[in-house]
Amino acid sequence: MPEPATPRSAARAVGPRAWFGQVLLYALFALAIGVFSHWPPYRHLGADEALIKLSLVHAGKPVGECRERTAEELAALPPNMRAPTVCPRERSPVTVELDIDGAPAARIEAPPSGLSGDGASAVYRRLTVRAGERSIAVRLRDDVRAEGFTHTLRRRVTLAPAQVLVIDFDAQSGGITLQ
Amino acid sequence: MTDHGAPAQRAPRGAVLWWSRLEQRLDRAFGASRNPLRQSGTLAFLALWLLAVSGVWLYAVLDTSAAGAYASIARLSYAPWSAGGLMRSLHRYAADAFVVFTALHLLREAVHGRFKHFRRFSWLTGCALLPLVAVSAVGGFWLNWDRLGQFSATATAEWLDALPLLAQPLARNFLGAAAVSDRLFSLFVFVHLGVALLLVFGLWFHVQRITRAAVFPPRALAVGTLATLLGLCVLAPVASQGRADLGVVPALLSMDWILLFVHPLMYATSAGFTWTLTLGAFGALLALPFVPAPVRAPVAVVDPHNCNGCGRCLADCPYAAITMVPHPLPQRGAELAVVDADLCAGCGICAGACPSSTPFRSTARLVSGIDMPQFPVDALRRTVQRALRSPEPVPIIAFGCEHAADISCLAAADVLAVPLLCTAQLPPSFIEYALRNGARGVLVASCHDGGCAFRLGARWNAERLAGTREPYLRARVPRTRVLPVQADIGEESRLREALRVLRARTIAQGARAEQARPAPDA
């Protein structure tokens, strides 16, 4: 009686079919990596669009006036802390409004940072717009004691496709800037 | 429990069955020991080593200044088939492969439910590496500082700004060229390289609780994978996508969806949604080990009176759950095995390794030096004895792992099917014991190489039967009457085929023995 064959071990596959299977699977692996490493292309912005980044970091004005301490108040303080003038720490929130072509595009009220509200306010907003000539109006208010907006800017700009227009605030350059 | 007292086998869940069938299909091409699905963890290690080698090369040529970074890497693209060009492409494709292999490894362990009890540490330390992988992978695009790097850096900053962590938006660092300084590039270098080093350090923790951690795939699989990636580098070399210009939006990009998918997802939805999705998925992965689970299997128990401190259980334990301490009974030997219950998998491999587990011992109750309370070697011996000493002895004993193909499918009038906690729970002496007590054949079924539920059980079993690992199956045991077979979940047909072969062998041997018997005197 002939000896029956043992079930073929799956530990090591051999033979042309196994080789073909390996080549096929390696090729599929390469294809998957190669394709999804490059394709499909990602369009982040339309071909006729530009990007406006409204971004600023600006410390608002203090919410109150500084005042002189009275003699009694000074006497109550330790000698090394007897500063004659005291100012409130908290700062005003910064309010920014942006109009594009006369239409409101953004209105942001950024609170001051910090646990005591004495830090700068920060704004960051992306706005996608059609490329071409645009009328930009920016208004900024950084003082709760003042009426209306403390800084304004109105300008016509021509935006090329994919261009980034940054609206920032730089007190030393006169306030609101466009880059 | 079965009729013979052996534990009953658990039915596999649907996902496990589905995954096992997928692996078995790949077995046909690669063989079980080189199956990329079974080796997904070691392949991830291979990709990491390739990243390290190509990364060192790229770092040597990288100008780590904001002005010079782009040109230093783009130069490699001018000669894509030079060593530098190939290294650049290999770095990218190895990173893609690393993420793919890591995801497969994670999915495989999750499907098999390997995240609870003694595996909790490995699962949690593995999951903790995922954020490091993501940070290092994304950060690598910034160092290049082409349009894709610009997009990724800006998108990452905008994503992070959605969290109320910083007083000033990080994205302001990318408002204009003047904002991108050499100092910022130093941060990029730290993000990509420093976090990658943390990742390697974290991998050391990840493999801490397993012995003989494999950090390199089988050579043939490593060569095949490397050749595939190099072929891809030649056919589709990676190129820079133009110098970064913060005044212009990189509107159309060749996107690496494997590594950077989170950026398009954020712009398609919102930063808040993407954070919720990412943190939710990460939290779910971390929570998996804490989901109420079935009661943990009992762990191995050491009997000091029968442990002679030989250390075979220590050598064979796949999870480093055994340590040797000075023996409290000096006359018994120098050392005693101690089981760390938190680390013990309850696989019984130690019981199979223990020399005192031999069923030839004459004691009425077989007590091993180390044993499993749920199915001790004494119960195993009694199961075999009952079958062989019954009025109609069972001629074939089939031992099998309860995590592999269902051995109970072989149960028949002439077959005793004995499910074990792991095939390596079987001391090889039990095979000889069964044959010397009337069995005509013994079938030993295990998982495939690389598919063992307890990592090393199938390997130890094969080596013990081959006589290359203690405790050996003695050379005088006729190998024609012992049939080892590897069959995973769902491969019960392989078991039936093996049984058919063993039956045919025993019938043929019985016929030969009958012919060789001298004729009775007239």
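**Exercise 1. Find the loop that holds Ala320(B), then look at its phi and its exposure.**

Step 1: place the residue. In this predicted model, Ala320(B) sits in the loop between helix H12 (312-316) and strand E3 (322-326) of chain B.

Step 2: check the backbone. Phi of Ala320(B) is near 50°, a positive value, and the residue is not a glycine.

Step 3: check the surroundings. There are 16 other C-beta atoms within 10 Å of Ala320(B). A buried residue needs 20 or more and an exposed one 12 or fewer, so Ala320(B) comes out as partly exposed.

**Exercise 2. Do the same for His117(B): which loop is it in, and what is its phi?**

Step 1: His117(B) belongs to the loop between H4 and H5 of chain B.

Step 2: its phi is near 55°, again a positive value in a residue other than glycine.

Step 3: count neighbours. With 19 other C-beta atoms within 10 Å, His117(B) is partly exposed. The cut-off for buried is 20 or more.

**Exercise 3. Track down a cis peptide bond in chain A and another in chain B.**

Step 1: in chain A, look at Trp39(A) and Pro40(A), which are joined by a cis peptide bond with omega of about 0°. Pro40(A) lies in the loop between H1 and E1 of chain A.

Step 2: in chain B, go to Glu470(B) and Pro471(B), where the bond is cis and omega is near -5°. Pro471(B) falls in the loop between helix H16 (457-466) and strand E9 (482-486) of chain B.

**Exercise 4. Which residues of helix H3 in chain B are buried, and what covers them?**

Step 1: list them. Helix H3 (residues 69-78) of chain B buries Ala69(B), Tyr70(B), Ile73(B) and Leu76(B).

Step 2: look down the axis. The buried residues of H3(B) fit within an arc of 130°, so they line one face of the helix. The helical repeat helps here: an α-helix has 3.6 residues a turn, so residues three or four places apart point the same way.

Step 3: turn to the other face. Pointing away from the buried side of H3(B) are the exposed residues Ala71(B) and Tyr78(B).

Step 4: find the cover. Helix H4 (83-111), helix H5 (120-144) and helix H7 (182-206) of chain B are among the elements lying over the buried residues of H3(B).

Step 5: zoom in on one partner. The axes of H3(B) and H4(B) are 7 Å apart, at an angle of about 110°. That makes the two helices H3(B) and H4(B) roughly perpendicular. From H3(B) come Ile73(B), Leu76(B) and Ser77(B), and they meet Gly84(B), Gly85(B) and Arg88(B) of H4(B). Sorted by class, this contact has two nonpolar, three polar and one charged residues.

**Exercise 5. Describe the side of chain A that touches chain B: how many residues are in contact, and which element gives the most?**

Step 1: get the totals. On chain A, 42 residues are in contact with 54 residues of chain B.

Step 2: see who contributes. Helix H1 (16-36), strand E1 (42-43), strand E2 (49-58), strand E7 (121-130) and strand E10 (164-170) of chain A each put in at least two residues. H1(A) gives the most, with ten residues.

Step 3: sort by class. The side of chain A that touches chain B has 25 nonpolar, 13 polar and four charged residues.

Step 4: follow H1(A) across. H1(A) packs on helix H1 (residues 14-30) of chain B at about 115°, their axes being 7 Å apart. H1(A) and H1(B) are therefore roughly perpendicular. Ala18(A), Gly21(A), Gln22(A) and Leu25(A) make the contact from one side, and Leu26(B), Arg28(B), Ala29(B) and Phe30(B) from the other. This contact splits into five nonpolar, two polar and one charged residues.

**Exercise 6. Sum up the overall build of each chain: what are the helix and strand counts, the spans and the buried fractions?**

Step 1: chain A. Expect two helices and eleven strands, in the order α-β-β-β-α-β-β-β-β-β-β-β-β. The C-alpha trace of chain A spans about 120 × 55 × 25 Å. Its radius of gyration is 33 Å, where a compact globule of 179 residues would have one near 16 Å. Of those 179 residues in chain A, 22% are buried.

Step 2: chain B. Here there are 17 helices and nine strands, in a box of roughly 110 × 50 × 40 Å. Of its 522 residues, 46% count as buried.

Key
Residues numbered from 1 in each chain as written. Chains lettered and ligands numbered in written order. Predicted model: local features only at pLDDT ≥ 70, side-chain atom pairs only at ≥ 80, totals over all residues. Helix = DSSP H or I, 4+ residues; strand = E, 2+ residues; numbered from the N terminus. Rg over C-alpha atoms; globule rule 2.2 N^0.38 Å. Arc of directions from axis to C-beta. Contact = placed C-beta atoms within 7 Å. Axes fitted to C-alpha atoms, helices over the stretch in contact; angles between N-to-C directions. Parallel < 35°, antiparallel > 145°, perpendicular 65-115°, else oblique. Nonpolar A, V, L, I, M, F, W, Y, C, P; charged D, E, K, R; others polar.
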